[in-house]
Structure formats: C-alpha cells, structure tokens
Amino acid sequence: MIALDFSKAFDTVRHAALFNKLSMLDIPDEVYNWIRDFFEGHAHCTKFEGIESLFLGIRASVFQGSAIGPASYVVTAADLRTVHDLNRLLKYADDTYLIVPAVTSLTVEQEIKHIADWSQANNLRLNHSKSQEMIFVARRAPRSSVMLPDPIPGIVRVESMTVLGIHVNDRLTASDHVTEAIAACARNMYALRTLKTHGLTGQALHTVFKATVLAKLLYAAPAWSGFCLAADRDRMDSFLRRCKRLSFCDPDTPSIAELFGQTDEMLFDSVRTNDCHVLYPLLPAKTEHRYNLRRRRHNHELITKTATLNENHFIVRMIYKDCY
C-alpha cells in the first residue's frame with residue numbers, strides 16, 4: 001500500500017479543468033451554472049508596509065472549509081485510475097492510496113509514474129518525500145522468509161501509518177491504534193478534571209465525557225475493532241474503569257466489547273436499510289429462499305469465510321453475527 005501525497009492539492013485545482021469535468025457529469029444545467037458562478041469572480045492582492053499590489057484573478061484552487069471544496073476535488077480526481085486492473089486506487093478527497101497485490105508488485109513503479117504524469121497534467125504535484133509505502137505480509141508467513149520487492153525510489157517504507165485518523169501497521173493489528181487512542185483520551189482527562197473542579201458534575205460531566213473522550217475512543221470503531229486482540233480490549237476496559245472511579249462517566253457505562261457491538265449495530269443498520277449508503281455495495285446479494293428456518297435480522301447471503309483475514313472485516317462479522 002502506497003499513501004500518496006499531493007502538495008497543496010486543494011490550492012492547485014484549475015477551475016477550467018474542473019468546469020470541463022463537471023460538464024461531462026449528468027447534473028442539471030442550473031447546478032453546473034451555480035457551481036461555475038461560485039468559483040468565478042474572485043481575486044486577491046498583497047499589501048505590505050502600505051503598498052498594495054494590483055488585483056489578480058484567481059484561476060485555481062477550491063475553497064477549503066466549504067462543503068463544495070472536497071466534492072470539487074473528487075470530481076477533479078475522478079479520472080485518475082490504475083494502469084492494471086488488479087491494482088486499486090482508494091480516494092478520499094485528497095487522501096489517495098494505491099493498493100498493489102503481490103502478483104502485480106512489479107507494476108508499482110509504472111503505477112507511480114502514471115499517477116505522477118496525471119498529477120502534472122492536472123496542475124498537481126506528487127510529493128514523493130511525504131508519500132509512504134507499507135508492505136503487508138500474511139501472519140502465518142515469517143517476514144524473514146518473504147522476498148520483499150525493492151523500495152520505491154524517493155518513497156520511504158514504513159511499518160505503520162495513519163489512514164484517515166486510524167493507525168494501521170503492517171501486521172494488521174489494532175495495537176498501535178489502541179495505544180494512540182488511549183493516549184489521546186488521557187490528554188483530555190486534564191480538561192475534565194478542570195471542569196469538575198469548577199463545578200461541572202453528574203450528568204453534565206458525563207455528557208462532556210461522551211462527546212470528547214468516548215467519541216475519540218470509538219472513532220471509526222467498526223473499521224478496526226475486529227483486529228483488536230484480547231490485550232487491546234483489556235487496556236481499553238482498564239481505561240474506562242479508571243474514568244468511572246474518577247466519576248467522569250456513568251458507572252453503568254458498558255464494557256468496550258459492548259460499545260464495539262453497539263457501534264457495529266448502528267452502522268450495519270444504516271447500511272442495510274439505505275441502498276444509497278457508500279458501504280451498501282459491499283453487502284452480498286439477497287437470498288430468495290421462501291422458507292425461514294431461523295429468524296435473522298437480514299436476508300443477505302452468507303459470505304465465504306477464509307481462515308486468515310476476512311473474519312475481522314466489518315461486513316463479514318455482521319453478516320454472520322445472527323447465524324450462531
């Protein structure tokens with residue numbers, strides 16, 4: 001997996017290229033005209049020690065902080081695709097990840113060159129110094145016995161990286177993320193102590209705890225909780241018990257396993273009941289059986305499980321949850 005970094009990605013998107021790509025989308029004319037009007041007519045100048053420059057029209061960049069900013073970049077990057085069908089590009093606004101399986105590992109440099117050429121054609125610059133590479137090896141295979149591919153020139157190879165706020169390591173365990181999450185939550189304890197000292201107690205303090213500490217601890221939990229070891233869950237339970245002793249949270253706060261289950265249930269319910277949800281295409285096909293041997297909360301086919309990885313996958317876990 002290569003995490004790609006584009007220097008100042010939002011600031012370098014050409015408006016003309018964006019309008020051209022928008023015109024090829026199936027959107028109403030009034031929406032296209034509104035977006036175009038939103039970007040046009042902007043200018044800037046520089047003032048220093050009383051001297052002001054002439055105004056210069058802004059012909060590039062999308063407005064960061066606006067709702068249309070990330071969407072505009074997504075449209076700009078929509079035509080960025082891999083050279084080889086087995087490789088995958090995962091794009092989250094300006095966060096881009098190239099996934100290359102072992103069978104096509106020799107195509108990495110070709111893919112990187114293709115991405116660099118695309119970025120140059122679209123007024124972007126691929127920053128090799130901030131891009132990172134990470135290699136995943138099957139747990140059962142000793143890493144020393146695996147022939148790793150040559151390093152990518154200019155891109156550092158790492159054992160862990162942060163992907164959308166989640167700490168991912170090359171062993172596919174959640175230990176690193178749990179460590180960082182607990183450390184971040186512990187730093188919020190000082191603020192909670194200060195609030196408690198100034199008279200915030202009871203339910204009000206518990207509400208602040210849920211909105212800050214608990215929300216940080218459970219951030220994107222369905223994505224990584226399946227990779228938690230028993231020791232990781234014990235560490236988080238120990239942290240929650242400490243918070244209970246300090247009266248920061250409700251004494252009836254569930255264990256971390258129960259909290260994981262609640263977040264899984266909430267996400268799965270929102271996915272299976274909304275065919276427009278971004279995760280809905282990951283669900284297997286629905287069954288057409290006319291009989292009902294056991295009542296289940298969904299009518300999707302069971303996914304073939306493997307002995308190594310996909311039992312930790314959120315969709316697989318939830319599909320099988322009611323079957324045992």
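This briefing walks through a helix pair, the nonpolar cores and two loop residues. The model is predicted, so please read it in that light. The largest nonpolar core has 35 residues, and helix 8 and helix 9 each supply at least two of them.

**Where helix 8 meets helix 9**
- The axes of helix 8 (residues 230–245) and helix 9 (residues 256–272) come within 9 Å and cross at roughly 100°.
- That angle falls between 65 and 115 degrees, so the two helices are roughly perpendicular to each other.
- Helix 8 brings Arg 233, Met 236, Asp 237 and Leu 240 to the contact, while helix 9 brings Ile 256, Leu 259 and Phe 260.
- Of these residues, five are nonpolar, two are charged and none is polar.

**The nonpolar cores**
- Phe 209, Leu 217, Trp 224, Met 236, Phe 239, Ile 256 and Phe 260 have the most contacts inside the largest core.
- At least two residues each also come from strand 10 (160–163), strand 11 (166–169), helix 5 (175–197), helix 6 (202–217) and helix 7 (221–224).
- Helix 5 gives the most, with six residues.
- Beyond its neighbours within four places in sequence, Phe 260 touches Leu 218, Ala 221, Trp 224, Ser 225, Cys 228, Arg 233 and Met 236.
- Another core, of 29 residues, lies apart from the largest one and includes Leu 22, Phe 39, Leu 80 and Val 100.

**Two loop residues with positive phi**
- Lys 8, in the loop between strand 1 (2–4) and helix 1 (15–23), has phi near 45°.
- Lys 8 counts as exposed, at 63% relative accessibility.
- Leu 172, in the loop between strand 11 and helix 5, has phi near 55°.
- Leu 172 is partly exposed, with a relative accessible area of 28%.

Terms used
Residues numbered from 1 in each chain as written. Predicted model: local features only at pLDDT ≥ 70, side-chain atom pairs only at ≥ 80, totals over all residues. Heavy atoms only, no water. Axes fitted to C-alpha atoms, helices over the stretch in contact; angles between N-to-C directions. Helix = DSSP H or I, 4+ residues; strand = E, 2+ residues; numbered from the N terminus. Parallel < 35°, antiparallel > 145°, perpendicular 65-115°, else oblique. Contact = heavy atoms within 4.5 Å. Nonpolar A, V, L, I, M, F, W, Y, C, P; charged D, E, K, R; others polar. Core = buried A, V, L, I, M, F, W, Y, C linked by side-chain atoms within 4.5 Å. Buried < 20%, exposed > 50% of the residue type's maximum accessible area, 1.4 Å probe, protein only.
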